[in-house]
Amino acid sequence: MAGIVVVFDFDKTIIDVDSDNWVVDNLGFTELFERLLPTMPWNTLMDTMMGELHAAGKTLGDVAEVLRAAPIDPRVPAAIKAAYALGCDLRVLSDANAFFIETVLEHHGIRGCFSQINTNPSHVDADGRLRIGPYHAAPHGCGVGTCPPNMCKGLVLDRILREAAAGTTGRSTKRVIYLGDGRGDYCPSLRLAREDFMMPRRGYPVWDLIREDPARVQAEVHPWADGADLEETLLRLVGRALVEEAALPPPLDCKLESTMPVAAQDGGMPIMPLGVKN
C-alpha cells in the first residue's frame, strides 16, 4: 500500500449537497426542521427529525431511497476508485451519520474503497426508527472555535494519523491528503504537516477560513471547485506523492542501524450557536 492517507468529508465533498437537508427537504419536513432549528444543536435536531419522520409513517426504506438520489458528480466516484487502485488508504471523516454515508457509498459502488468511516453513530431501534447520536458524547474541549459540540474532526484526524504511523514501515509517517468544505474541516487542516496536502472546496467556509490567515495551515493548500477539479487535483497530488515516495532512500538495515550512534532528538470548548452544522 502506498504511504498516502486520503481523508474525505462527505457532505458537499463526496456528494454535492448536505445529506441532512436533502433527506428532510425531499420527505416534506422542511418547515418543521426550520422551526426546530433554533432550539437545539444540529446533531440532536437530526435525531429528532428521524423520530418525526417515523411518526409520520416514513420508513427507513423511504430515507434510503431519497439518499440514493442525492446528486453526486460522476468524477468523484471515479477519483475515489482511481486513488484506491493506486494503493491509497481512503477514509471518511464527516459530521453526517453512518446510515446516510453507508447508503450512498454502497449505492455508488465505492464503499469497499474506504478502510474507515468516521462519523456520528446511527442505529435502528426496536420500532424501526433511525437513531442518530454524537460522535463525541462528552465535551471534546477543542479550542479552535469552528467545531460543533458533537464532533471535533481535528481530534479524530489525530487518531487517524497515529493509526497510520503505527502501520508504517521504513518511514515515520504517512502523507495525508484532506478534502473538505465546511467550518468543521478547518480544525483538522491545522493538524496537517508540511508534507501533507489540504484540498478545501473553493468558495465554501473552510476555504474562506484558510484565506483569512493562510500561515496557520502548514500543509500545501490546493483548492478545488467541482468534481472534475477534485479528480484532477487529487490524482495529481497522489501521483506526485508516489513519485516522491519512490525517490526516498531505502530504510537502513536494522542490524546496521543498531551499530550507529543515536542522533540527538530536537527537542473549554467554546459554545457554538445552536442550529449550525459544520
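Buried means under 20% relative accessible area, exposed over 50%, and partly exposed in between (1.4 Å probe, protein chains only). The model is predicted: local features need pLDDT of at least 70, side-chain atom pairs count only at pLDDT 80 or more, and totals for chains, interfaces and linings use all residues. Residues are numbered from 1 along each chain as its sequence is written, and side-chain values use heavy atoms, with hydrogens and water left out.

**Exercise 1.** Classify Gly 143 as buried or exposed.

*Solution.* Take the relative accessible area of Gly 143: 64%. Gly 143 is therefore exposed. Its place is the loop between strand S5 (130-132) and helix H7 (153-166). Helices (H or I, at least four residues) and strands (E, at least two) are DSSP runs, numbered from the N terminus.

**Exercise 2.** Test the span of helix H3 (residues 42-55) against 1.5 Å a residue.

*Solution.* The expected span is 1.5 Å times one less than the number of residues. For the 14 residues of H3 this gives 20 Å. The end C-alpha atoms are 20 Å apart, so the two agree. After H3 comes Gly 57, with a positive phi near 90°.

**Exercise 3.** Find what surrounds the side chain of Asp 196.

*Solution.* Start with burial: Asp 196 is buried. Next, look for a salt bridge (side-chain nitrogen of Lys or Arg within 4 Å of a carboxyl oxygen of Asp or Glu). Asp 196 has none; Arg 175, the nearest side chain of opposite charge, is 5.5 Å away. Then check backbone nitrogens. That of Val 176 lies 2.8 Å from a polar atom of the Asp 196 side chain. The backbone nitrogen of Ala 193 also lies 2.8 Å from a polar atom of that side chain.

Notes: Lys and Arg count as positive and Asp and Glu as negative; His and the chain ends are not counted. A polar contact is a pair of N or O atoms within 3.5 Å; within protein, one must be able to donate a hydrogen and the other to accept it, and residues adjacent in sequence count only if both atoms are side-chain atoms.
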